[in-house]
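Please look over the sequence and the model that follow, and keep both at hand while reading. The paragraphs below move from charged pairs to the interior.

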Amino acid sequence: MLISELSQRSGVSARALRHYDRSGLLEAGRRSNGYRDFPESSVERVRRIRALLEVGLDLSGVADLLPCFAPDGQLGGCERARRRLTDRIADLDRSLVAITRARDLLAAEVARWDRPALPDCR
């Protein structure tokens, strides 16, 4: 299928699909006119790529985990997937701590302003 059809069926821009192709995440043949020709399985593969990107993996992480998908479309519990996803959870936990700390500092500052009225900043 042409990139325009894959884009329409997957909901992903042709630009992103070209990027995935250049990154080795998608495999496309070439037609005689030079246009990319994607197999039917590309629709599901794009769905998997997007799911992995959505949880914050980079393209290297996506490439590492694509082989871990079972035929039913579920990410298998292979050691590589377990390690990558556990590392990602740890990254998210660290981010949550930092965001919570920043939020608490900002909230404390705003609460301080609610006490006595301060002159306008100029």
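Is Glu109 buried, partly exposed or exposed? In this predicted model, Glu109 has a relative accessible area of 32% and is therefore partly exposed, since that class lies between the limits of 20% and 50%. The partner of Glu109 is Arg112, and the closest N and O atoms of this salt bridge are 2.4 Å apart. Both residues belong to helix α5, which spans residues 79–113, and they stand three residues apart, about one turn of the helix. Arg112, with a relative accessibility of 39%, is likewise counted as partly exposed.

Side chains of opposite charge can pair when their charged atoms come close. The structure holds 11 salt bridges, and one of them joins Asp104 to Arg103, with 3.9 Å between the closest N and O atoms. Here Asp104 counts as partly exposed because its relative accessibility is 43%, whereas Arg103, at 53%, counts as exposed.

Another of these pairs is found towards the start of the numbering, where the side chains of Arg9 and Glu5 meet in a salt bridge with an N to O distance of 3.6 Å. Because Arg9 and Glu5 are four residues apart in helix α1, about one helical turn separates them. Arg9 is partly exposed, with a relative accessibility of 39%, and Glu5 is also partly exposed, its relative accessible area being 35%. The pair does not stand alone, for Glu5, Arg9 and Glu40 are linked in a network of salt bridges.

Helix α1, which covers residues 3–10, also contains Ser7. With a relative accessible area of 17%, Ser7 is buried, because the limit for that class is under 20%. If residues up to four places away in sequence are set aside, Ser7 touches Val12, Ser13, Ala14 and Leu17.

The last of these contacts, Leu17, leads on to the nonpolar interior. When residues up to four places away in sequence are again left out, Leu17 touches Ile3, Leu6, Ser7, Ser10, Val12, Leu26 and Val46. The largest nonpolar core has 22 residues, and Leu17 is among those with the most contacts inside it, together with Leu6, Tyr20 and Leu26. The elements that give two or more residues to this core are α1, α2 (14–22), α3 (42–54) and α4 (59–65). Helix α1 thus appears in both parts of this account, as it holds the salt-bridged residues Arg9 and Glu5 and also contributes to the core.

How values were computed:
Residues numbered from 1 in each chain as written. Predicted model: local features only at pLDDT ≥ 70, side-chain atom pairs only at ≥ 80, totals over all residues. Heavy atoms only, no water. Buried < 20%, exposed > 50% of the residue type's maximum accessible area, 1.4 Å probe, protein only. Contact = heavy atoms within 4.5 Å. Core = buried A, V, L, I, M, F, W, Y, C linked by side-chain atoms within 4.5 Å. Salt bridge = Lys/Arg side-chain N within 4 Å of Asp/Glu carboxyl O.
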